[in-house]
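This report goes through one protein model and picks out a few parts of its interior and its loops. Please keep the sequence and the model in view while reading.

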Amino acid sequence: MIEVGDKLPDMDLTAPDGSTVKLSDYHGKKLVLFFYPKASTPGCTTESKDFSALLPQFEKAGSAVLGMSADSPKRQQNFITKQELTVDIASDESTDFLEKIGVWAEKKMYGKTYMGIIRSTFLIGPDGKVIQAWPKVKVKGHAEEVLAAVQAA
């Protein structure tokens, strides 16, 4: 998993409308990059809604917020519409970027092993380097904790 001080690799990702999102588009400002396992599931919905609710405060602190999963752009768009999300969302269906970051890993649930996203968040500086990392996130209170870090950075 990428760590504090590492430079975020730039890759082409897909926005819900099918357009291309480049992480370099966010250079020059702070970026909160959060990874969630699956759109429209309870924990991912809570996390995305929490970040959306705090988006004006993130922006006031000079930070953009981008959520990401391996869901299809269409599923992401449905998620945004249904939950009235205001944060930017991107898809990495190929999982290439997720693997490079280190959040795509083997997981276990109910005795089954599968590949999936480790819920993680990274605060990226204006220079594209990781300022702070939250591996294996617990959703409750997480967006507030990240906001405090952004405001302190």
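The text below covers aromatic rings, buried residues, one helix, two loop residues and a cavity.

The model is predicted: local features need pLDDT of at least 70, side-chain atom pairs count only at pLDDT 80 or more, and totals for chains, interfaces and linings use all residues. Residues are numbered from 1 along each chain as its sequence is written, and side-chain values use heavy atoms, with hydrogens and water left out.

## Aromatic rings

A pair of aromatic rings is described by the distance of the centres and the angle of the planes. Rings of Phe, Tyr and Trp (its six-membered ring) pair if their centres lie within 6.5 Å; planes under 30 degrees apart count as stacked, over 60 as edge-to-face and the rest as tilted. There are 6 aromatic pairs in the structure. In one of them, Phe34 and Tyr36 have ring centres 5.9 Å apart and planes at 35 degrees, so this pair is tilted. Phe34 and Tyr36 are both buried, where buried means under 20% relative accessible area, exposed over 50%, and partly exposed in between (1.4 Å probe, protein chains only).

Another pair joins Phe35 and Phe122: the ring centres are 6.0 Å apart and the planes stand at 75 degrees, so the pair is edge-to-face. Phe35 belongs to strand β3 (residues 30-35) and Phe122 to strand β8 (residues 120-124), so the pair ties together parts that are 87 residues apart in sequence. Helices (H or I, at least four residues) and strands (E, at least two) are DSSP runs, numbered from the N terminus. Phe35 is buried, at 0% relative accessibility, and Phe122 is buried with a relative accessible area of 0%.

Ring pairs also link Phe34, Tyr36, Phe51, Phe58 and Phe79 into a cluster.

## Three buried residues

The table gives the place and accessibility of three residues.

| Residue | Element | Relative accessible area |
|---|---|---|
| Gln76 | helix α3 (residues 73-83) | 0%, buried |
| Met68 | strand β4 | 0%, buried |
| Leu123 | strand β8 | 0%, buried |

Contact means heavy atoms within 4.5 Å, and the contacts given here leave aside neighbours within four places in sequence. What does Gln76 touch? Gln76 is in contact with Pro16, Tyr36, Ala39, Ser69, Asp71, Ile89, Ala90 and Ser91.

Met68, again leaving aside neighbours within four places in sequence, has contacts that include Leu13, Leu33, Phe34, Phe35, Tyr36 and Ile117. Met68 and Ile117 are 49 residues apart along the chain, and their C-alpha atoms are separated by 9.7 Å.

For Leu123, with neighbours within four places in sequence left aside, the contacts include Leu31, Val32, Val130, Ile131, Trp134, Ala149 and Val150. The C-alpha atoms of Leu123 and Val4 are separated by 9.0 Å, although the two residues are 119 places apart along the chain.

## Helix α5

In helix α5 (residues 142-152), the buried residues are His142, Ala143, Val146, Leu147, Ala149 and Val150. Seen down the axis of α5, these buried residues fall within an arc of 160 degrees, so they line one face of the helix. The arc is that of the directions from the helix axis to the C-beta atoms. The buried residues of α5 pack against β3, α1, α2 (55-60), β4 (63-69), β8 and β9 (130-134).

## Two loop residues

Ser40 has a phi near 70 degrees, a positive value in a residue other than glycine. Ser40 is placed in the loop between β3 and α1 (42-53), and at 38% relative accessibility Ser40 counts as partly exposed.

Tyr110 is not a glycine either, yet its phi is positive, at about 55 degrees. This residue, Tyr110, lies in the loop between β6 (104-109) and β7 (112-117). Is Tyr110 buried or exposed? Tyr110 counts as exposed, at 77% relative accessibility.

## The cavity

Rolling a probe the size of a water molecule over the atoms shows where empty space is left. On a 1 Å grid over the protein atoms alone, a cavity is a set of points where a 1.4 Å probe fits but cannot get out, and lining residues have an atom within 4 Å of a point. Grid points are joined across faces, edges and corners, and a volume is the space filled by probe spheres set on the points.

A search of the whole structure finds 1 cavity of 30 Å³ or more. The largest cavity holds about 40 Å³ of space. Its lining consists of Leu8, Leu23, Tyr26, His27, Lys29, Leu31, Ile124 and Gly125.

Definitions and conventions:
On a 1 Å grid over the protein atoms alone, a cavity is a set of points where a 1.4 Å probe fits but cannot get out, and a pocket is an open set with protein on both sides within 12 Å along at least five of seven lines; lining residues have an atom within 4 Å of a point.
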